[in-house]
Amino acid sequence: MQITETSDLWWKSAVIYCLDIETFLDANGDGSGDLGGLARRMDYLNELGITCLWLMPFYPSPDRDDGYDIVDFYGVDPRLGNHGELVEVIRTAHDRGIRVIADLVINHTSDKHPWFREARRSKDNRYRDFYVWRDTPPPDTHTQVVFPDKETSVWQFDERTEEWYLHHFYKYQPDLNTSNPDVRREILRIIGFWLQLGIDGFRVDAVPYFLSSDKTSPSESMPGDPHLVLKSIRSFLERRKGSAMMLGEVNLPYDQQLAYFGGEAGDELNQMFDFVGMQAAYLSFAREDATPLKEALLARPPIHATCAWANFLRNHDELTLDKLSESERQEVFDAFGPEENMQLYGRGLKRRLPSMLGGDPRRIRMAYSLMFSLPGTPALYYGEEIGMIEDLEAEGRMAVRTPMQWSDRPNGGFSTTEPRHLVQRLVPDGGSPEHINVARQRHEGDSLWNFIRDLIGLRRTCNELGWGEVSILDQPAPSVLAHRCDLPGAAIIAVHNLASEAVTIDLSVDALTSETMEGDPDGPKPVPFVCVDLWGPHRVELENGVLRVALPAYGYRWFRILEADDLDAP
C-alpha cells in the first residue's frame, strides 16, 4: 500500500500516547504539571516516535474526579495554563508531525457547572431539561452504578426542587440530557470550538452512557434511535474538519460495539478501544496460553474500511476485567493482583503492567511486542515506555496516575517544588524515580525505553497491521499466538510465545496476492515472495513453504512477506 493511501485515514496508522497534563511536567514550580511543561517535552515525544497525543481533560474543574467533572467545556484550567499556551502546544506538536486529540466528556458535567446551577433553581428554568429528572422515587439501581464503593444509585435527590437527577457516575456529575436539541447543539459548538483551535479529534468518554435509554427519549428532532446522536456528531465533525476523528470508550461485547462504528455505513466512531481483546490478553498471560486472545481476535466482527480498533494494555482507569467470567477473572486476580489492595470493585486491577509481570523484562517486552503487532492502532499510557509501576497506597484509579519520572533528581525531575506541594506523590520504594526514570534509560542501550522506541519505529513501517486482513495461523503450541496481516503484495507475520518454556513451531506460509487490476476477470493472483526477519533484519529461507520459528521463553518474532522484486526497495 502506498503511503499516500494511508494519510487521509491517519488514525489507522497512528501510535497514540495518552497523558494527563497535570502529572507530566511542571514548568512553573507550583507542583502541578502544565502546558508549558508539555511543550518542553514535545521533542521527547517526537524522539519516541509518537504520532498522536491524547490529552486527558484540561478544562476548568473542581477536580473531584481528576478533571472529568467539568465546569466549562470551552476553557482551560488555570492550574494548567491558558488558551494561548494550549495553541502553542498544538502548533508545536503539528510541527513535529504529531496530531493532538482531546477528551470529549459529554455524558455529564460537574454539579458546579453553570448549567446545573441554573437547572436546580426551579423546575421551569431554561436549563432544567439540560439534565435528566424524575419526580417519583426511583427503583433500586445499585447494579447500574459505575463506582459501587462510592454510590448506591444512579439517581440523586435534589432537596431544592424535590426531584431526582440522573448520574451514572458520581453524584456530583449529573448526566446531560442528550435527547434535548439544545444540549446537542451545545455539544456541536464545543466540538467546533476545539477544532477551530487546532485539535485533530476526540477521545469520546463513556459513549454508551450518553446514548443510554434513560436520556434519549424520542423527540421530533431525534426520533427514537440513540445512535442518531453519534451520527450527527460524526457528520458535523467531518464537515468542520475532514481529517478529524473520534476514538470511543465503548466497553461492550463485540456484537454491540459494531453498532457504535455505525454498522455497514461506518458513520459513527472512527475507532474504539478493544476492551474485549485487552481482557483476553491478560487471561492468556495468566494461563500462558494464547487461546483466549486467539478466540477474541477471531470474534472481532468485520468493520467498515475507514474504522479501526485501538489496542492497549493499560490506560488511566482501572484495568477492568468485567467481560471475563467470574472464574476467569479470579485467574487473572490470582496471577496479577492477589492482594485486596491491588483490586478495584471486584472487577478490575489498580496495577501497571511491569509489576503484574513480576518485573521480568522478557515478559514485559513480549507483551508490548504482542500489543503493537495486533491488527489495529497501538495506544500507550504515559510512563509505560520506562516501565513505571503503580502506587498501591493511592486511592482507586489514582494508583496509576502518579507524576512522570524524568530523572533521579528531586521529585523525579517532574517539579522543583517541595514534595508536599506535588499534585500527587511519586511512586515510592522500588518503583521510585531513583530506580526508574527516562534520563537513565535513554542512555542504556538495552533499556525498556529504547526497546519501546524501536518497537514504535518498527510498527510505523508496518501498514499491514493497521490496514491488512488478519488471519490466525495454525500451529500446535497452545502458548503461541501466530497471526498474519495481509495487504496486496505484502504481509506481516507476528509470532509470540506467552510461556516460560522455549518452543519451536512450523508455519505454512501462503503466497502473497497481487492487487486486482480494474477489469481483470481473474482477480488477484499469487506472486513470488521472500521472507524477512524484521527484528534482524535479514532474509529467512523457507523449506517447501514452511517457516520454522524457534522461540525462547517469552520470545517474539516479526516477519515481513513481500514480493521478491521489492526486497531491495528503500
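Mentor: Let's start with one residue: Asp-77 is buried, with a relative accessible area of 4%. Keep in mind as we go that this is a predicted model.

Trainee: Where is Asp-77 found, and which residues is Asp-77 in contact with, leaving aside its neighbours within four places in sequence?

Mentor: Asp-77 belongs to the loop between strand E2 (52-55) and helix H3 (83-95). Once neighbours within four places in sequence are set aside, Asp-77 is in contact with Phe-58, Tyr-59, Pro-60 and Ser-61.

Trainee: And Leu-353, is that residue buried or exposed?

Mentor: Buried means under 20% relative accessible area. Leu-353 has a relative accessible area of 1%, so it counts as buried. Its place is in helix H12 (residues 353-356). Leaving out neighbours within four places in sequence, Leu-353 is in contact with Tyr-282, Leu-313, Ala-367 and Tyr-368. For a sense of distance, take Ala-399: it lies 46 residues from Leu-353 along the chain, and the two C-alpha atoms are separated by 13 Å.

Trainee: Now the nonpolar cores. Which residues touch the most other members of the largest one?

Mentor: The largest nonpolar core has 149 residues, and Tyr-17 and Leu-45 touch the most other members. Helix H9 (residues 275-287) gives the most to this core, contributing eight residues. Another core lies apart from it, with 20 residues, including Ala-477, Val-503, Leu-512 and Val-549.

Trainee: How should I read a pair of packed helices?

Mentor: Two numbers do the describing: the angle between the axes and the distance between the axes. Try H9 with helix H11 (residues 326-336): their axes come within 9 Å and cross at roughly 60 degrees. That angle makes H9 oblique to H11. The crossing of H9 past H11 is left-handed.

Trainee: Which residues make the contact of H9 with H11?

Mentor: From H9 come Tyr-282, Leu-283, Phe-285, Ala-286 and Arg-287, while H11 brings Glu-328, Glu-331, Val-332, Ala-335 and Phe-336. Sorted by character, the residues of this contact of H9 with H11 are seven nonpolar, no polar and three charged.

Trainee: H9 also packs with helix H10 (residues 291-299). At what angle do the axes of H9 and H10 cross?

Mentor: At roughly 160 degrees, with the axes coming within 7 Å. Angles over 145 count as roughly antiparallel, so H9 and H10 are roughly antiparallel to each other. H9 passes H10 in a left-handed crossing. On the H9 side, Val-276, Gly-277, Ala-280, Ala-281, Leu-283, Ser-284 and Arg-287 meet Thr-291, Pro-292, Leu-293 and Ala-296 of H10. The contact of H9 with H10 divides into seven nonpolar residues, three polar and one charged.

Trainee: Let me try another pair, helix H13 (residues 361-373) and helix H15 (residues 448-459). Are H13 and H15 roughly parallel or roughly antiparallel to each other?

Mentor: They pack at an angle of about 20 degrees, their axes 11 Å apart. Angles under 35 degrees count as roughly parallel, and H13 and H15 are therefore roughly parallel to each other. The crossing of H13 past H15 is right-handed.

Trainee: And which residues make the contact there?

Mentor: H13 supplies Ile-364, Arg-365, Tyr-368, Ser-369 and Phe-372; H15 supplies Leu-448, Phe-451, Ile-452, Leu-455, Ile-456 and Arg-459. In the contact of H13 with H15, eight residues are nonpolar, one is polar and two are charged. You have met Tyr-368 already, among the residues in contact with Leu-353.

Terms used: Residues are numbered from 1 along each chain as its sequence is written. This is a predicted model: local features need pLDDT of at least 70, side-chain atom pairs count only at pLDDT 80 or more; totals for chains, interfaces and linings use all residues. Side-chain values use heavy atoms; hydrogens and water are left out. A nonpolar core is a set of buried Ala, Val, Leu, Ile, Met, Phe, Trp, Tyr and Cys residues joined through side-chain atoms within 4.5 Å. Buried means under 20% relative accessible area, exposed over 50%, partly exposed in between (1.4 Å probe, protein chains only). Helices (H or I, at least four residues) and strands (E, at least two) are DSSP runs, numbered from the N terminus. Axes are lines fitted to C-alpha atoms, for helices over the stretch in contact, and angles run from 0 to 180 degrees between N-to-C directions. Angles under 35 degrees count as roughly parallel, over 145 as roughly antiparallel, 65 to 115 as roughly perpendicular and the rest as oblique. A crossing is left-handed if the near helix is turned anticlockwise from the far one by less than a right angle, and right-handed if clockwise. Contact means heavy atoms within 4.5 Å. Ala, Val, Leu, Ile, Met, Phe, Trp, Tyr, Cys and Pro count as nonpolar, Asp, Glu, Lys and Arg as charged, and the others, Gly among them, as polar.
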